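Thank you all for coming. I would like to spend a few minutes on one model, looking at its charged pairs and then at its pocket, so please have a look at it before I begin.

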Amino acid sequence: MGSGVQEQRASLTQGDVLPRASSSQSEGLKHTRSVINSLFSGALAGAVAKTAVAPLDRTKIIFQVSSARFSAKEAYRLIYRTYLKDGFFSLWRGNSATMVRVIPYAAIQFCAHEQYKGLLGGYYGSQGKALPPFPRLLAGSMAGTTAAMLTYPLDMVRARMAVTPKEMYSNILHVFVRISREEGLKTLYRGFTPTILGVVPYAGLSFFTYETLKKIHSERSGRPQPYSYERLAFGACAGLIGQSASYPLDVVRRRMQTAGVTGHTYSTILGTMREIVSEEGVIRGLYKGLSMNWVKGPIAVGISFTTFDLTQILLRKLHQMGYTAR
């Protein structure tokens, strides 16, 4: 009889412990799945958006790192000359390097943003709801900074491939090897400071604007989710505001990244800015190519945010269908 009581107690103890372990395990799996979904959705969003605007992006970089005056007419001529000389696909030269950078960058940025939103939501007591304005801005800035810190050398390689003839660098690995041998490993992080200074307002304002517009839309329309074309419009506004705010630092970053192949010796942010302004002026120098960015940027950011959201929704639906099937 005593042994029967002991067995009953043991079974009760096991009954108490098992649901707790199962619940904890379930939460862990849910969090892991959420992280993986965010990484995949972000990677896809970045790849689709950047590929769509790659010819415009390459043209913008070429103007940013040269002293030639920018105009829509000159940009068109450059694209057309490139097409005639090297063929249609040459307009996507450097896009493989862009993908190597953008896929991890976008994956980390979107995933980090979701994690920072959760952490700040818990801290500010708005878990599961839209964050207040300041933490909404902070989450975007921290996400962009995290991604930029982890993927910067790839951005440097991409800039080099975009502005040099294909005879100079044969592939991504070749860029790394030549820069390391001829200019030193530190060169891979040249322009890092202006990058971070530019990413903070760019990522912060982009995510802030997009999330704010979605919140306002939900409150006024009564629909929890906007339509796809509305997401594209919200993303376009986010890209326009974010890129306009950080553009001068983007120009400085590109000049510092490509100094080794353009014959300049840019070493500091202020020194680079002074040289650009003295040679080309404020508007024509620090804002060179901005009008192209007003075309390229909103398209890219709109596609990026929309692709991320729709992929997240699709993955959640597929997961629910999987459970229903069981």
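Which residue forms a salt bridge with D309 in which the closest N and O atoms are 2.7 Å apart? That partner is R231, and before I go further I should say that we are looking at a predicted model. R231 lies in helix α7, which covers residues 228–257, whereas D309 lies in helix α11, so this pair ties together parts of the chain that are 78 residues apart in sequence. Both R231 and D309 are buried.

D309 has another partner to consider, since K214 also forms a salt bridge with D309, and here the closest N and O atoms are 3.2 Å apart. This pair, too, links distant parts of the chain, with K214 in helix α6 and D309 in helix α11, 95 residues apart. As for their surroundings, K214 has a relative accessibility of 19% and D309 one of 12%; because buried means under 20% relative accessible area, K214 counts as buried, and D309 counts as buried as well.

Let me set beside these a pair within a single helix. The side chains of E182 and R178 meet in a salt bridge, at 3.0 Å from N to O. These two residues are four apart in helix α5, residues 172–182, which means that about one helical turn separates E182 from R178. E182 is exposed, with a relative accessible area of 52%, while R178, at 24% relative accessibility, counts as partly exposed. In total the structure holds ten salt bridges, and among the residues involved, E114, K117 and E211 are linked in a network.

That network brings me to the pocket. E114 and K117 are among the residues that lie nearest the centre of the largest pocket, together with S34, Q312 and R316, out of a lining of 40 residues. The elements that give two or more residues to this lining are α1 (2–64), α3 (95–124), α6 (192–221) and α11 (290–325). Of these, α11 gives the most, with nine residues, and α11 is also the helix in which we found D309.

How many residues of each class does the lining of the largest pocket have? There are eleven nonpolar, 16 polar and 13 charged residues, and the space in this pocket comes to about 1,300 Å³.

Terms used. Residues numbered from 1 in each chain as written. Predicted model: local features only at pLDDT ≥ 70, side-chain atom pairs only at ≥ 80, totals over all residues. Heavy atoms only, no water. 1 Å grid on protein atoms, 1.4 Å probe; cavity = no way out; pocket = protein on both sides within 12 Å on 5 of 7 lines; lining within 4 Å. Points joined across faces, edges and corners; volume = space filled by probe spheres on them. Nonpolar A, V, L, I, M, F, W, Y, C, P; charged D, E, K, R; others polar. Salt bridge = Lys/Arg side-chain N within 4 Å of Asp/Glu carboxyl O. Buried < 20%, exposed > 50% of the residue type's maximum accessible area, 1.4 Å probe, protein only.
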